[in-house]
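Let's take a friendly walk through this structure together. Have a look at the model first, and then we will follow a few of its side chains.

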Amino acid sequence: MKKLLLLAVLFAAPMAIIAQEETPKDTIPNGWTRAGNLSLLFNQAAFNAEWTGGGTSNYSGNLSLTYDFNYKHDKLSWNNRLIGEYGLTKNKDDKYSRKTNDRLELNSILGQQIKESNWYYSLFLNFKTQFAKGYEFNSDLNPEDEGYRTETTHILSPAYLQFGPGFLWKKSDNLYVNISPATAKFILVDKDFTAVDETVPGALDAYNENKYFGVDANESSRFEFGASISAYAKFDIMANISAENILNLYSNYLEDSQNVDVDYTFNLVMKVNRYISSNVTFQAIYDDNAVQGFQIRETLGVGLTYGF
């Protein structure tokens with residue numbers, strides 16, 4: 001029931017936005033338009049030895065960059081967005097800091113307008129990976145013990161690449177939906193994570209029960225072919241408060257097409273002034289090649305923001 005409710009929210013949110021009162025047609029002139037946003041969120045909690053209420057001193061920080069570089073020439077439209085995010089948290093008694101966020105992503109959509117409508121013939125590309133190593137921690141061991149933390153991911157492992165032709169409905173740079181019924185998808189990984197000695201009895205069967213991001217044993221990539229839908233909606237709730245919705249859906253024709261991959265992100269930005277803002281982020285991911293269930297990320301913080 002919880003999964004069904006969450007899916008309903010994910011699908012209903014963008015549709016509710018699109019159903020709002022229509023905004024005037026995009027009047028961006030021909031040529032390049034560029035805009036970026038750099039933000040740093042920092043949180044800290046500190047307790048001295050005499051504090052009786054309980055608690056652990058800790059600090060955390062999150063650095064994020066969003067850069068849009070879009071091109072328009074008459075009926076030709078090309079939207080590009082680069083996203084980089086990295087966050088860490090450190091508890092006083094922990095030997096290691098732990099990641100709270102790690103994302104590197106490029107989205108690009110090229111569109112050719114169909115007559116004088118809001119529809120375009122389109123070609124899209126999406127690439128995403130991470131910056132740094134990711135670890136699993138064994139709570140049954142001490143931080144000094146071997147095996148306390150195990151590397152599970154690093155840059156380009158995994159990496160996802162999707163591209164394909166389709167149709168784009170675009171009201172403006174802040175409201176569009178792209179539909180691609182013929183999407184090629186590659187999942188790239190480090191072969192070290194898929195290495196299996198097939199001469200060892202049961203080793204291959206054990207790996208196949210929990211494949212590394214769906215990649216076969218001793219391989220470094222996985223190919224899928226399916227359909228994808230991506231939607232973007234950004235609007236102002238009121239003065240100095242804006243909301244951004246990003247939804248990506250994908251279904252693999254070649255295997256388990258009923259299992260739809262979902263990646264939904266909601267960003268709420270509340271500006272105090274030009275340089276200080278409060279940010280709320282909620283992200284939900286469903287990808288059965290990675291985890292059998294929803295991956296949920298939430299962040300809330302106040303920090304420095306610089307727009308350029």
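A good place to begin is Lys128, which lies over the face of Tyr160, at 5.7 Å from the ring centre. Keep in mind as you look that this is a predicted model. A second residue to find is Arg98, which is placed over the face of Phe137, with 3.8 Å to the ring centre.

Now let's turn to rings that meet other rings. How many aromatic pairs does a search of the whole structure find? The search turns up 18 aromatic pairs. One of these is formed by Tyr67 and Phe308: their ring centres are 5.9 Å apart and their planes stand at 15°, which is under 30 degrees, so the pair counts as stacked. This pair links distant parts of the chain, as its two members are 241 residues apart. Tyr67 belongs to strand E2, which covers residues 58-73, whereas Phe308 sits in the segment after strand E14 (294-307).

Are these two rings buried or exposed? Tyr67 has 24% relative accessibility, so it counts as partly exposed. Phe308 has a relative accessible area of 43% and is partly exposed as well. The two rings also have company: Tyr67, Phe69, Tyr306 and Phe308 form one aromatic cluster.

Finally, a word on confidence. The chain averages a pLDDT of 89, and 91% of the residues score at least 70. Over residues 1-24, however, the pLDDT is below 50. In the model, this stretch has 23 contacts beyond near neighbours in sequence.

Technical notes: Residues numbered from 1 in each chain as written. Predicted model: local features only at pLDDT ≥ 70, side-chain atom pairs only at ≥ 80, totals over all residues. Heavy atoms only, no water. Phe/Tyr/Trp six-rings, centres within 6.5 Å; stacked < 30°, edge-to-face > 60°. Helix = DSSP H or I, 4+ residues; strand = E, 2+ residues; numbered from the N terminus. Buried < 20%, exposed > 50% of the residue type's maximum accessible area, 1.4 Å probe, protein only. Lys NZ or Arg CZ within 6 Å of the ring centre and 35° of its normal. pLDDT = per-residue confidence, 0-100. Contact = heavy atoms within 4.5 Å.
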